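Please look over the fold shown here. The report below covers its sheets, its cores and one loop position.

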Amino acid sequence: MLTTWRRRGLRPVLGMALLVTALFLMQQSAIAGQTTVQVGDIWFCDETFQGGACETTINVGETVVWDSDGAGLPHTTTECGASCDEPTDSPIWDSGLMGDGSTFEYTFNEPGTFLYFCQVHPTLQRGIITVQGEGAVGDVNCSGNVDAIDAALILQFTAGLIGSLQCGENADANEDGTTNAIDAALILQLTAGLLLSLPP
Ligand SMILES: [Ca+2]
Ligand SMILES: [Ca+2]
Ligand SMILES: [Cu+2]
């Protein structure tokens with residue numbers, strides 16, 4: 001009798017614990033938010049971009065890390081303004097000279113297209129950062145798509161397991177003014193093809 005009761009009582013608890021663990025692991029793999037651009041002699045990204053411009057696309061709020069590991073020459077990553085042929089005197093970012101192995105990072109909090117170059121090799125070494133705007137309704141981690149990870153994050157947020165959502169303004173999937181498990185459920189329905197769009 002007692003055994004039966006225990007089994008019935010324990011299973012939902014174990015199931016819940018497994019679910020929370022799974023959701024936590026999913027979230028960990030989604031956090032990234034960082035893109036590395038290799039800085040070489042004399043290029044950004046890889047050697048095929050010498051004389052050209054390497055384009056990197058990220059989501060708003062993400063960080064680009066320029067990594068000079070392996071470069072033998074000094075380089076900079078410096079924002080150009082409207083044109084790298086006539087670079088601005090007040091760049092949004094400027095790494096200064098990067099030696100072999102040093103890194104420089106910048107976090108993009110505004111959508112847009114950002115041109116940059118190396119001040120040492122201004123015509124040969126250039127790049128472009130394209131920052132995509134905030135995601136659609138439901139995209140609470142601004143990953144660019146709405147999927148089960150977003151639903152998991154909302155559940156963790158409403159359960160108090162995480163204090164905030166990276167793009168919390170996208171969390172209210174049914175636009176009823178509150179964020180709760182119903183919003184998570186709607187996102188799961190969307191990803192399952194049961195809903196065509198959000199808000200429903
Ligand atoms: Ca997302
Ligand atoms: Ca809601
Ligand atoms: Cu350079």
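What follows goes from the overall layout to the sheets, then to the cores and a single loop residue.

**Overall layout**

This is a predicted model. The protein has three helices and eight strands. Along the sequence, the elements come in the pattern α-β-β-β-β-β-β-β-β-α-α. Of the 200 residues, 28% count as buried. Among contacts with a separation of 6 or more, 63% are between residues 24 or more positions apart.

**Two open sheets**

One open sheet has four strands in the order 2-1-4-6, and its pairing is mixed. Strand 2 (43-44) and strand 6 (103-107) form the edges. Each has a single partner strand, so one side of each lacks a neighbour in the sheet. Another open sheet also has four strands, in the order 3-8-7-5, again with mixed pairing. Its edge strands are strand 3 (53-59) and strand 5 (78-79), and each pairs on one side only.

Strands of a sheet pair through backbone hydrogen bonds, in either the parallel or the antiparallel sense. The table gives one pair of each kind.

| Strand pair | Sense | Bridges | A bridged residue pair |
|---|---|---|---|
| Strand 1 (residues 34-40) and strand 4 (residues 63-67) | parallel | five | T36 and V65 |
| Strand 5 and strand 7 (residues 112-117) | antiparallel | two | E79 and Y116 |

**The nonpolar cores**

In soluble globular proteins, nonpolar side chains tend to be buried together. Here the largest nonpolar core has 19 residues. A151, L153, I154 and I187 touch the most other members. Helix 2 and helix 3 (181-191) are the elements that give two or more residues to this core. Helix 2 provides the largest share, seven residues. Apart from this core lies another, of 16 residues, among them V39, W43, F114 and I129.

**Helix 2**

How much of helix 2 is covered? Helix 2 is mostly covered, with eight of its eleven residues buried. The buried residues are I149, D150, A151, A152, L153, I154, L155 and F157. A151 reaches three residues beyond its sequence neighbours within four places: A184, I187 and L188. Just after helix 2, G160 takes a positive phi of about 80°.

**V140 in its loop**

Where does V140 sit? V140 lies in the loop between strand 8 (126-132) and helix 2 (148-158). Is V140 buried or exposed? V140 is buried, because 29 other C-beta atoms lie within 10 Å, and the cut-off for a buried residue is 20 or more.

Which residues does V140 contact, leaving aside neighbours within four places in sequence? Its contacts include D150, L153 and I154. These three are buried residues of helix 2. V140 is also in contact with L165, Q166, C167, G168, N170 and A171. The C-alpha atoms of V140 and A151 are separated by 8.4 Å, and the two residues are eleven apart along the chain.

**In brief**

The strands form open sheets with the orders 2-1-4-6 and 3-8-7-5. Helix 2 gives seven residues to the largest nonpolar core. V140, in the loop before helix 2, contacts L153 and I154, and both of these are among the core residues that touch the most other members.

How values were computed: Residues numbered from 1 in each chain as written. Chains lettered and ligands numbered in written order. Predicted model: local features only at pLDDT ≥ 70, side-chain atom pairs only at ≥ 80, totals over all residues. Buried ≥ 20, exposed ≤ 12 C-beta atoms within 10 Å, placed from the backbone. Contact = placed C-beta atoms within 7 Å. Pairing = 2+ DSSP bridges. Core = buried A, V, L, I, M, F, W, Y, C linked by C-beta atoms within 7 Å.
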